[in-house]
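Subject: A structure for you to look at

Hi there,

Here is the structure I promised to hand over. Have a look at it below, and then read on for what turned up in it.

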Amino acid sequence: MKIKNLIIFYPSFERGGVEMIIKNLIGHLSKKNINIFLITCKNKNLENIPKVKNLFFAHPTQKYFRFLPNRFSSAFSCIKPLIKLIKNNDQSNTVIHSMQSNFIPILIAKILKIKIIIRNSEDPIESIKYSENKLTSYLIFLLRFIFYNLSDKIITNSKGSSDSIKKFLLTKNIKNVKYIYNPYLKQINKKIFNKKTKTILAAGRLCRQKNFKDLIIAFRNFHMKNPEYKLHIFGDGYEKNMLKDLISSLKLNNHVFLKGYRKDLKLEYKKAKLFVLPSIYEGLGNVLIEALNYSVPCISTNCKSGPSEILSYGRGGYIVPIKNIDALTKTLINSISNYDISIKKMKYGKKKLNRFLINTQSTKYLEQLNSVL
């Protein structure tokens, strides 16, 4: 049996890669004679979702759950429209695809006996290992152990994340875990952008996970030998003031710039000499995909999942140990000193970007949605 109705559960639209993945999936699947329902709370980011005839928005209110953190209040306020949609559709050809706050839709799916596929976008073990709130993280891990084993299928966005999830699933459920790289790129840029400035680029939330602190310190060391270079970091987050203080204390105010959040970094990629991802852990690392697509040589930390896969385990870019400032410094220096090698790595990485094309990966999503019916 083929899927006729798809309920996408994503309560709280947030800045980041998932918004783009949902947009791309909807754009692709809406052409396959599938009725698509998106359950989410009102958010200005909804304007970025393609307006197609088979797309319906459910905008639940949060007024009864305002005392809870945003993600929790959004998830709870989406329960009513989720139940209504399930009851109004033929459950034999309807699938829920949960992209966030998976515990609630899994519970409802089991009670109402409807198939559900969930998406996990980060390495669950690494996220606990480096969490700032251990108690909350262990509670979430326990809930994952209970509820993930109840889902009909789990889709992850990298092989590393898939391997991590399999470690805490019951043996009989391991076969339900599938990794599908993000349907992220519409096409691969054939042009090689050679007009580079002496700028090193980084992008992501300003939070502990992204570890921009180590990048700034490594850049200070790099800057002593390469004083003409500047570091531009795009993104917002709770570490913004701390990073500003660090930049000032290292006397880098004229060389390191926190540029804030910007949705489209196309022009920045085109002129950047290097792109650096210093994260402690990741799910995939869409920014590396974008950087390679705009011909930017990349340096990434060796996260347990995602980045090393994108960079073909070192053949498509430089990989350094996590939280190793000395190694990052040396790699920054070597990548500029031997820029011809950096370009060769970038070209190799760019050849492998077909793994992230929208049509190819969205087709794999459709196969998995059909497989549970």
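A good place to begin is Tyr181, which is buried because its relative accessible area is 12%, under the 20% limit for that class. Please keep in mind throughout that this is a predicted model.

Tyr181 has several aromatic contacts to look at. The ring of Tyr181 is tilted against that of Phe356, since the two planes stand at 55° with the centres 5.2 Å apart. Tyr181 sits in the loop between strand E7 (177-179) and strand E8 (199-203), while Phe356 is in the loop between helix H14 (339-351) and helix H15 (358-371), so this pair ties together parts that are 175 residues apart in sequence. Are Tyr181 and Phe356 buried or exposed? Both are buried.

Tyr181 also forms an aromatic pair with Tyr179, and this one is edge-to-face, at 5.6 Å centre to centre with 65° between the planes. Tyr179 counts as partly exposed because its relative accessibility is 38%. Finally, Arg355 lies over the face of Tyr181, 5.5 Å from the ring centre.

Now for the overall picture. The protein has 15 helices and 13 strands. Its C-alpha trace spans about 65 × 45 × 40 Å along the principal axes. A compact globule with 373 residues would have a radius of gyration near 21 Å, and the protein has 21 Å, so the two agree. Of the 373 residues, 56% are buried. To get a feeling for distances, try Asn334 and Glu132: they are 202 residues apart along the chain, and their C-alpha atoms are separated by 33 Å. Asn334 is in helix H13 (residues 325-337) and is partly exposed, with a relative accessible area of 41%.

Back to the rings for a moment. How many aromatic pairs does the structure hold? There are nine aromatic pairs. Ring pairs also join Phe141, Tyr148 and Phe168 into a cluster. Elsewhere, the charged end of Lys273 sits over the ring of Tyr339, at 4.4 Å from its centre.

Next come the salt bridges, of which the structure holds nine. Here are three of them:

- Lys263 and Glu19 form a salt bridge whose closest N and O atoms are 3.3 Å apart. This pair links distant parts of the chain, with Lys263 in the loop between strand E10 (256-260) and helix H10 (266-271) and Glu19 in helix H1 (residues 17-29), 244 residues apart. Lys263 is partly exposed, with a relative accessible area of 48%, whereas Glu19 is buried at 3%.

- Asp152 and Lys110 meet through their side chains in a salt bridge of 3.7 Å, N to O. Asp152 is in the loop between H6 and strand E6 (153-156) and Lys110 is in helix H4 (residues 103-112), so the pair ties together parts that are 42 residues apart in sequence. Asp152 counts as buried at 16% relative accessibility, and Lys110 is partly exposed with a relative accessible area of 34%. Lys110 and Asp152 also belong to a network of salt bridges that includes Lys115.

- Glu122 and Arg144 meet in a side-chain salt bridge of 3.6 Å, N to O. Glu122 is in the loop between strand E5 (115-120) and helix H5 (124-129), and Arg144 is in helix H6, so the pair ties together parts that are 22 residues apart in sequence. Glu122 is partly exposed, with a relative accessible area of 24%, while Arg144 is buried at 10%.

Helix H6 covers residues 134-148, and Ile146 lies in it too. Ile146 counts as partly exposed because its relative accessibility is 41%. Which residues join Ile146 in a nonpolar patch on the surface? They are Leu139, Leu142, Phe145, Leu150 and Leu170, and the patch as a whole has about 520 Å² of accessible area.

If you open the model, you could start at Tyr181 with Phe356, Tyr179 and Arg355 around it, then go on to the salt bridge of Lys263 and Glu19, and finish at the nonpolar patch that includes Ile146.

Happy exploring, and best wishes!

Methods: Residues numbered from 1 in each chain as written. Predicted model: local features only at pLDDT ≥ 70, side-chain atom pairs only at ≥ 80, totals over all residues. Heavy atoms only, no water. Patch = residues over 30% accessible without salt bridge, like charges linked within 9 Å, V, L, I, M, F, W, Y side chains within 5 Å. Areas by Shrake-Rupley, 256 points an atom, 1.4 Å probe, with all protein chains shown as cover. Salt bridge = Lys/Arg side-chain N within 4 Å of Asp/Glu carboxyl O. Helix = DSSP H or I, 4+ residues; strand = E, 2+ residues; numbered from the N terminus. Buried < 20%, exposed > 50% of the residue type's maximum accessible area, 1.4 Å probe, protein only. Phe/Tyr/Trp six-rings, centres within 6.5 Å; stacked < 30°, edge-to-face > 60°. Lys NZ or Arg CZ within 6 Å of the ring centre and 35° of its normal. Rg over C-alpha atoms; globule rule 2.2 N^0.38 Å.
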